[in-house]
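Please walk me through this model in a viewer, one selection at a time. I would like to know what to pick at each stop and what is found there.

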Amino acid sequence: MLTDTRILLIMNYIRNIFILCLTALSTLSFSQTPTSIPLLEPDFVLGTTLYGSADLEALNSKDRSLLDALVNQGLGGFTYYVDWMDLENEAQEVQLGTFTDTLERLHKLGLVPFVNITVGDSGGYNLPSDLLNDSGALLSPELLAETHVIERFGRILDELIPVLSQYGGFYLSLGNEMGEYLDLNELELQAYVQFVTAAKTHIQSINPDMAVGVTLTIGDILTSSKTLQAFKPVVDVIPFNQGPIRADFSVYPTHEIRTHFEEVLAAYGGGTILIQELTCPSPETMGASPAWQAECYEILLDVIRETPDIRFASIFSFQDFSDETCDLFRDALFGEELDGLPQNIAQILTDYTCYLGLIDGNSQPKPAYEVILKNLQQRP
């Protein structure tokens, strides 16, 4: 089940994603330095995720059998998002019970975890309230020292990194899609870079082979954003989230999907590529459909097959939300002004959020599921 906190975070995500998609796109290359990922197997790994990192134990028997069928054909990874608040209790004591249990379940399935501790997520911070200033921000490098954020996070890492290493973790991201926000907030960008730099040093003092970075958007890649330029010298690899979605939130026609993806890869500039989220939505309000979704994945996976630098990509996501959860989001969105966001955009955003899965809310596989299954079967 999704927690109230996770629901609020997803609400924040779907409020901000529209803004993120309005970034003006160009094709500047940022020339990622080639980097090895020592803990990731040398062959390409295809993974998936459950939106909101829902409990694997919550899958019903049919959902689980559909997931097992993909795993049996070679699905090998899983993107796992975890909140700082889930890693320590109110007394600021580290608590890794749920984290460890989730990694244990993934290990039993044979799925290696790509983990993102969402310190920042889609233009908002996801930290314990006592670590933020009155405006809800890190604000400045000075504030990091005053609130002992780095030291406190280090106590979590002291216990988390050995567990992550034990269960096959190969990459730890420390934030998701913050570029649009940080580009406009230079002091906060400086603070975030300082935080990630210190965390990476701490992580690799425990496990030198654990790769560390932050996940950005294709907008950051294509525009060579300030945030990308600031993080590039201090992280191992910058993963990104890939989806053929236009600035007006319509999907690209299928004949343009390959070209769009190739432009992103060209702008990335070579080196190891990790795709945290590989996304092909299915709602008709975006100009998509279940058939479009299937063809979209077929095209993206063909490009991936032709690009040896891509080492990991995770299907976002395995299943749609239930009708009940979708209704919850619609009621919340339509009950607010959303800063003047037109109602048709709110409808598109909720549809996008609800209908990303390979299987629908009634545990029925969509055509895209068969595309993924076939792709796995064809891999050597």
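A disulfide is counted here wherever two cysteine sulfur atoms lie within 2.5 Å. By that rule this predicted model has two disulfides.

**Stop 1: the whole chain**

Show the chain as a cartoon and colour it by pLDDT. It has 14 helices and 10 strands. Of its 380 residues, 57% count as buried. Among contacts with a separation of 6 or more, 80% are between residues 24 or more positions apart. The average pLDDT is 87, and 84% of the residues score at least 70.

Now look for the extremes of the colouring. Helix H1 (residues 4–20) has the lowest confidence, with a mean of 47, while H11 has the highest, at 98. Select residues 1–9: pLDDT is below 50 there, and the stretch has 16 contacts in the model beyond near neighbours in sequence. Then select residues 15–31, where pLDDT also stays under 50. For this second stretch the model has 47 contacts beyond four places in sequence.

**Stop 2: Leu-39**

Move on to Leu-39, in the loop between H1 and strand E1 (45–48). Is Leu-39 buried, exposed or partly exposed? Its relative accessible area is 33%, so Leu-39 is partly exposed.

Add Met-210 to the selection and show both C-alpha atoms. They are separated by 6.9 Å, although Leu-39 and Met-210 are 171 residues apart along the chain. To see the rest of the surroundings, also select Gly-169, Phe-170, Asn-207 and Asp-209. Together with Met-210, these are the residues in contact with Leu-39 once its neighbours within four places in sequence are left aside.

**Stop 3: the first disulfide**

Select Cys-280 and Cys-296 and show their side chains. A disulfide joins the two, with an S to S distance of 2.0 Å. The angle about the S-S bond is -65°, and the link is left-handed. Where in the chain are Cys-280 and Cys-296? Cys-280 is in the loop between strand E9 (273–278) and helix H11 (290–305), and Cys-296 is in helix H11 itself, with their positions 16 residues apart. Both Cys-280 and Cys-296 are buried.

**Stop 4: the second disulfide**

Next select Cys-326 and Cys-354, which also form a disulfide, with sulfur atoms 2.3 Å apart. Here Cys-326 belongs to helix H12 (residues 323–334) and Cys-354 to helix H13 (residues 343–354), and the two are 28 residues apart. Cys-326 and Cys-354 are both buried. With the bonded cysteines of the chain numbered in sequence order, the pairing reads 1-2, 3-4.

**Stop 5: a cavity**

The whole structure contains two cavities of 30 Å³ or more. This stop is at the second largest, which holds about 40 Å³ of space. Select its lining: Gly-175, Asn-176, Met-178, Leu-182, Tyr-192, Val-214, Thr-215, Leu-216, Thr-227 and Phe-231. Strand E6 (171–176), strand E7 (211–217) and helix H9 (226–231) each give two or more residues to this lining.

Which element gives the most to the lining of the second largest cavity? It is E7, with three residues. Colour the lining residues by class to finish: six are nonpolar, four are polar and none is charged.

Conventions: Residues are numbered from 1 along each chain as its sequence is written. Side-chain values use heavy atoms; hydrogens and water are left out. On a 1 Å grid over the protein atoms alone, a cavity is a set of points where a 1.4 Å probe fits but cannot get out, and a pocket is an open set with protein on both sides within 12 Å along at least five of seven lines; lining residues have an atom within 4 Å of a point. Grid points are joined across faces, edges and corners, and a volume is the space filled by probe spheres set on the points. Helices (H or I, at least four residues) and strands (E, at least two) are DSSP runs, numbered from the N terminus. Ala, Val, Leu, Ile, Met, Phe, Trp, Tyr, Cys and Pro count as nonpolar, Asp, Glu, Lys and Arg as charged, and the others, Gly among them, as polar. Buried means under 20% relative accessible area, exposed over 50%, partly exposed in between (1.4 Å probe, protein chains only). pLDDT is the predictor's confidence in each residue, from 0 to 100. Contact means heavy atoms within 4.5 Å.
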